[in-house]
Structure formats: C-alpha cells, structure tokens
Amino acid sequence: MISPRVIEEILAGYSLPPLGIHGIAHWGRVLETGLKLAQSTGADPAVVTLFAVFHDARRINEGTDPGHGRRGADLATSLRPLLGLTDAQFDQLTHACAHHTDGTTVGDATVQTCWDSDRLDLWRVGMTPHDPWLCTEAAREAEIREWTRIRSLDDYLPECAAAWLCSKGRSN
C-alpha cells in the first residue's frame, strides 16, 4: 500500500498530464502487473509497488527523456522517511528506477520484476515487448502478455490509479 501522502508528494511535482501515456493509469497498470509477476518471481511486493509510482514520476516530456529514471530515484530518496523500506529494499527501488530504460535484463528477481512490469505496458505506445527485453520467465508467459496487452491498449485505469487521481481532485 502506498500512503496518500506519498502520492500527494509525487503528484505535486508531476509536470505531465496525470492521464498522459506515462501518468497515473500507466503507474497503476505497472503496479498490478508487477504484483501479478511477483507471485511467480518471488519479488518483494513493497519494492514493486513503489517502483510503479516512482519510475516515471519525474518525466519532463512524454517522448525520449534521458535521466527521468534517475530523477524518479532521487524523488524516492527525498521521500525515504515515508516509504518504510529497509536499506536493501531502498537500494533495489532506486536501482530499478534509475536503470529501467537502460535495456538491461540483469538484476535480482525484484529489480527484474520491476523492469518487466513497465516493459509489459509498452503496448500503449505502439511497441511490442519482445522476449529479449524481458527479464523473467513469468513475463514471457502467453497469458500474462495477453492480459497486459489488452489492458495497455485499452488504456485501462486500475482502481488504485483512479483513487490516486481522486486524491488530488484531478480530472485531466
């Protein structure tokens, strides 16, 4: 569970449209996909959950945005007292955020699950997440890929994301 205060802090500095391609709906799908993958990969759900909201939280545009993952990790660092993570969990979170667009697939199961949860939502931008980009066997399963494809292409707004949107009274 992500505290409302953390969501408020993230949204207070989010410069893109909350419902843009890297916004709240994407974060919610990444969260739900990550938790679904974690059931098979053994990833830490706390880290996967926080990755979902921090990895794109400091993008400055919807296109190529070098450094946005590092900026998301820096935001997590500034909010660390609110996150309730151990040092090891926090290191996983900041590493996953900072390197999620590097194209690498090497990492521990939690970091790999974070990266896969984001990559499986690439359908929304017209990209197919091909197997060499994915880190875990769970992410390569046909059922998972189809589930994420449909949700991504439909711009599905998960309940958690709708709640985040409502928490700030944002509607655009």
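Colleague: Which residue follows α9, and what is the sign of its phi?

Modeller: Asp155 follows α9, with a positive phi near 50 degrees. Helices here are DSSP runs (H or I, at least four residues), numbered from the N terminus. The model is predicted: local features need pLDDT of at least 70, side-chain atom pairs count only at pLDDT 80 or more, and totals for chains, interfaces and linings use all residues. Residues are numbered from 1 along each chain as its sequence is written, and side-chain values use heavy atoms, leaving out hydrogens and water.

Colleague: Which residues of α9 are buried?

Modeller: An α-helix has 3.6 residues a turn, so residues three or four places apart point the same way. In α9, Ile144, Arg145, Thr148, Arg151 and Ser152 are buried (under 20% relative accessible area, 1.4 Å probe, protein chains only). They cover an arc of only 140 degrees around the axis, so they lie on the same side of α9. The arc is that of the directions from the helix axis to the C-beta atoms.

Colleague: What do the buried residues of α9 pack against?

Modeller: They pack against α2 (24-41) and α8 (137-140). Contact means heavy atoms within 4.5 Å. The face of α9 turned away from the buried side carries Ala142 and Glu143, both exposed (over 50%).

Colleague: At what angle do α4 and α6 pack?

Modeller: Axes are lines fitted to C-alpha atoms over the stretch in contact, and angles run from 0 to 180 degrees between N-to-C directions. For α4 (residues 68-78) and α6 (residues 87-98), the angle is about 155 degrees, with the axes 7 Å apart. The pair is therefore roughly antiparallel (over 145 degrees).

Terms used
Helices (H or I, at least four residues) and strands (E, at least two) are DSSP runs, numbered from the N terminus. Angles under 35 degrees count as roughly parallel, over 145 as roughly antiparallel, 65 to 115 as roughly perpendicular and the rest as oblique.
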